[in-house]
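Reader: I should like a close look at a single part of this model. Please take one helix and its surroundings, and set out what can be said of them.

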Amino acid sequence: PLATLVAIAVVSLGGGRETPSGLTAYVGAHIIPVTAPEIEDGVLLVKGETIAAVGKRGEVVIPEGAEVIDLKGKVLFPGLVCTHSHIGKVQGGDGSSPIQPGVRVLDSIDVLDSTFEKARAGGITMANLMSGSGHLLSGQTAYLKLRDGKTIEDLAVRNEDGSMAGGIKMANGTNSIRGSGGSPGTRGKSAALVRAQFIKAQRYREKMAKGGDDPPERDLAMEALVEVLEGKRVVHHHTHRHDDIITVLRLKKEFGFKVVLHHVSEAWKVADEIAEAGVSCSIIYLDSPGGKLEARDLEWKNGAELEKRGVLTAFHTDDPINDSRWFLRSAGLAVRSGMSRQKALEAVTIAGAEMMDQAGQTGSLTAGKKADFIVLNGDPLSIYTRILETHVEGKKVFDLDNPEDKLWAEGGFGAGHRRRVSGCCFTK
């Protein structure tokens, strides 16, 4: 098997029987790779930040000298990917205008905020951090790996050119209709403002392409929109009502940008149109749907209806709307509502990675990908299952057996603020 060949190659690189550096073998667990069949009594071999091999015990060669960790009775599952989160006190555009492409949310993220610990306690290893939906366009999003870092640079996912990876946040419907401060007062005006900005971006791109001795003055907002037009930056679009969803699809067709539809409460009403447009959906599961009129018709069957039509579908927390510590529960609710087990498990892992163009690096337990995984004490669809450990790129960033981590996972006095924790609960 391929996994065996990869493991043998690792042995060779390690110098035969000499003690390899940075090799860890997690053995005995039930492994759910997501993009491959489930493995009973499996082996996950990790070298440094990378998965070296995945397979059954006896088929994967464990190099002599590798650290062996027995996980019998446990489940190994890929790290969770949240396509829509507001952890880290993230902020974007202000009240000065309804469309602000030049704003970068990465400039506002507090990576030391306790919401990051809680997300790790929920098994989340990568997240798309976005500003709110009170603007037609509130800024550029940030794709983060939830490493144990101190700065945004420590957590940022990088593009091939070294720049920080992310999309752009757009919205329509109730939240972005304000009727003051330049904001639209109707759905029609909302779409008109968006069209005007993309037409302006098209002209900016044309002028930049011509070059010459008199190029246009640099415009950071237009640069961001040009990246959208050229497919370098994905539009993550908040939308709920069926007619608002169709408006987004219409704009996509007009300007040719790549879009992920977020929330889509009424996706089940226009699922055929969504599928025909070839777009993906990031949806949310709520115990008590509602909160505003346009989300009244949210149905749990959204996942099942989108799956029937072959739409790439992921789940998100929209934390704090749904607490990141309960993200895995979304998969169970989806299956209860008719979605297949396989697609529900993909929806918290590989599907989200694909929407952020990161599936080559994370989202499944596959040799060659980053070692992003979680250890569970039961099946991922069971409400009784606990997340025991979270690993990002081979490093453990959450351990339920650690009292400090347990505080973030379960709450208690001091949980929720780092300073209160250091002053009340732990003295080291």
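Author: The account below follows helix α5, the pocket beside which its residues are found, and then some backbone features elsewhere in the chain. The model is a predicted one.

The helix α5 covers residues 220-229. At its start, the backbone nitrogen of Ala221 has a side-chain oxygen of Asp219 within 3.0 Å. Just after the helix, Gly231 adopts a positive phi of about 80°.

Between these two points, α5 is mostly covered, with 7 of its 10 residues buried. The buried residues are Ala221, Met222, Ala224, Leu225, Val226, Val228 and Leu229. An α-helix has 3.6 residues a turn, so residues three or four places apart point the same way. The cover over the buried residues of α5 comes from several elements, including the strands β8 (137-140), β10 (168-171) and β11 (235-239). The helices α4 and α6 (242-255) also belong to that cover.

The helix also takes part in the largest pocket, which holds about 810 Å³ of space. Of the 30 residues that line this pocket, Asn159, Ser163, Met164, Glu227 and Arg233 lie nearest its centre. Both α5 and α4 (187-210) supply at least two residues of the lining, and α5 gives the most, with 5 residues. By class, the lining is made up of 12 charged, 10 nonpolar and 8 polar residues. Thus α4 appears twice in this account: among the elements that cover the buried residues of α5, and as a contributor to the lining of the largest pocket.

Some backbone features outside the helix may be added. Most residues other than glycine have a negative phi, and most peptide bonds are trans. Val264 is not a glycine, yet its phi is positive, near 35°. Its place is the loop between β12 (259-263) and α7 (271-277). With a relative accessibility of 0%, Val264 counts as buried, because the limit for that class is under 20%.

Glu393 likewise has a positive phi, near 50°, and is a residue other than glycine. Glu393 sits in the loop that runs between β16 (387-392) and β17 (395-399). Its relative accessibility is 10%, and therefore Glu393 also counts as buried.

A further feature concerns a peptide bond: the one from Asp319 to Pro320 is cis, with omega near 20°. Pro320 belongs to the loop between β14 (313-315) and α9 (329-336).

Terms used:
Residues numbered from 1 in each chain as written. Predicted model: local features only at pLDDT ≥ 70, side-chain atom pairs only at ≥ 80, totals over all residues. Heavy atoms only, no water. 1 Å grid on protein atoms, 1.4 Å probe; cavity = no way out; pocket = protein on both sides within 12 Å on 5 of 7 lines; lining within 4 Å. Points joined across faces, edges and corners; volume = space filled by probe spheres on them. Helix = DSSP H or I, 4+ residues; strand = E, 2+ residues; numbered from the N terminus. Nonpolar A, V, L, I, M, F, W, Y, C, P; charged D, E, K, R; others polar. Buried < 20%, exposed > 50% of the residue type's maximum accessible area, 1.4 Å probe, protein only. Contact = heavy atoms within 4.5 Å. Polar contact = N/O pair within 3.5 Å; in protein donor to acceptor, adjacent residues only side chain to side chain.
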